Amino acid sequence: MAEPLVSIRGLTLEAATRRGVARILSGVDLDIGRGRILGIVGESGSGKSSLANCLLRLLPTNVTRIAGQVDFAGADLLALGEPAMAEMRGTRIAMIFQDPMTALNPLFTIGTHLVDVIRRRQPGLPGAQALEKAEAMLRHVAIPDPRARLAAYPHELSGGMRQRVMIAMALLAGPELLLADEPTTALDATVEAQIVALLEALRSEVAGSIVFISHHLGLVAQLCDDLCVMYGGTVVETGPVTKVLARPHHPYTRALLACEIEADDEGRLVSIPGEVPDPVFPPPGCVFAPRCPHAEAICHAEVPPLRAAGAGRTAACHLFERLP
């Protein structure tokens, strides 16, 4: 197997709250393959966005502890000094944020945003050439009348167009690692499909790998090569997306899939009973045990390790070999 672009081992993230210390991520182990799209799925609060923010080291001020190792092309991102990490952001690692309206500066035009990215890569490029390059990239991501859009402000564009601007900025950065943090959440279904189709068409233009964070398994199945399922700040299952979705090993993955495609006998949508775990007072043993229909005594007593579950697959479940 080829060496991964990113290798994450034992990543733990804790933050102070009024109720005590919250464990946001707990011993995350994950590899991001070179030239592949990794989908990360899970309910809200599962740690998906926190994991992406750790890769960029963009963390809130209440974080009290970050531990583990994040090896990116030979460099441990957690051990880098802030100046070296700042050089990584927007060049070797780029991010498409969930809400472009808050990620784009409302005081600057679209052209200013794009030219700033271009000049970060090519400091000596004349302004006219930078604008030409920015216009060409807007055209490339299918924004109509790109020259006029350069003079527009973020609030003058639709949500779908703002998200296309974010994609254009990421492509102009030429990153080795592109993080897409639920880039379609605020969009209607038609525009969502357009953005996913655009990412699929542009995947070859990212030099390295893409991490696509979503709560929508259907989008992940359409776009991604590999899948990581997160729950309660832990990784519960990984593997090639087609194999995981065809026969999930972890009960939580099965529950998510049932919520996507099934209804009960009365035609109502399926849901997962119970609530996501409290990060301040997590349950003992398996973090999913309180909601798991297959849980046994060992599940409530011991934390299951993330272990091999077939070719290229892992699962954190004591019982996956015995599940029907």
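This is a short dialogue on reading a predicted model of a protein chain.

Student: Let's begin with the whole chain. How many helices and strands does the protein chain have?

Tutor: Happy to. The protein chain has 12 helices and 12 strands. Its radius of gyration is 21 Å, close to the 20 Å that the globule rule gives for 324 residues, so the chain is as compact as a globular protein of that length. Along the principal axes, the C-alpha atoms fill a box of roughly 70 × 50 × 45 Å. Of the 324 residues, 48% count as buried.

Student: Let me pick one helix. What span should the 15 residues of helix H7 have, and how far apart are its end C-alpha atoms?

Tutor: At 1.5 Å a residue, H7 (residues 159–173) should span 21 Å, and its end C-alpha atoms are 22 Å apart, which agrees.

Student: Is H7 mostly covered or mostly open, and what follows it?

Tutor: H7 is mostly covered, with 14 of its 15 residues buried. After H7 comes Gly 174, whose phi is positive, near 60°.

Student: Now the cysteines. How many disulfides are there?

Tutor: The general idea first: a disulfide is a covalent bond between the sulfur atoms of two cysteines. A pair counts when the sulfur atoms are within 2.5 Å. By this rule the count here is zero disulfides. Take Cys 228, which is in no disulfide: the nearest cysteine sulfur, that of Cys 224, is 11 Å away. Cys 228 is buried, with a relative accessible area of 0%.

Student: Why is Cys 259 without a bond to Cys 292?

Tutor: The sulfur of Cys 259 has its closest cysteine sulfur in Cys 292, and because the two are 14 Å apart, they are too far for a bond. Cys 259 is partly exposed, with a relative accessible area of 27%.

Student: How do I look for empty space, and how many cavities of 30 Å³ or more does the structure hold?

Tutor: Rolling a probe the size of a water molecule over the atoms shows where empty space is left. In this structure there are two cavities of 30 Å³ or more. The largest has a volume of about 80 Å³. Its lining is made of 14 residues, and Pro 251, Cys 286, Cys 292, Cys 299 and Cys 317 lie nearest its centre. By class, that lining has 11 nonpolar, three polar and no charged residues.

Student: And which residues line the second largest cavity?

Tutor: Glu 182, Thr 184, Thr 185, Glu 192, Ser 214, His 215 and Leu 219 line the second largest cavity, whose volume is about 30 Å³. That lining divides into one nonpolar, four polar and two charged residues.

Note on methods. Residues are numbered from 1 along each chain as its sequence is written. This is a predicted model: local features need pLDDT of at least 70, side-chain atom pairs count only at pLDDT 80 or more; totals for chains, interfaces and linings use all residues. Side-chain values use heavy atoms; hydrogens and water are left out. Buried means under 20% relative accessible area, exposed over 50%, partly exposed in between (1.4 Å probe, protein chains only). Helices (H or I, at least four residues) and strands (E, at least two) are DSSP runs, numbered from the N terminus. The expected span of a helix is 1.5 Å times one less than its number of residues. On a 1 Å grid over the protein atoms alone, a cavity is a set of points where a 1.4 Å probe fits but cannot get out, and a pocket is an open set with protein on both sides within 12 Å along at least five of seven lines; lining residues have an atom within 4 Å of a point. Grid points are joined across faces, edges and corners, and a volume is the space filled by probe spheres set on the points. Ala, Val, Leu, Ile, Met, Phe, Trp, Tyr, Cys and Pro count as nonpolar, Asp, Glu, Lys and Arg as charged, and the others, Gly among them, as polar. The radius of gyration is taken over C-alpha atoms; the globule rule is 2.2 Å times the number of residues to the power 0.38.
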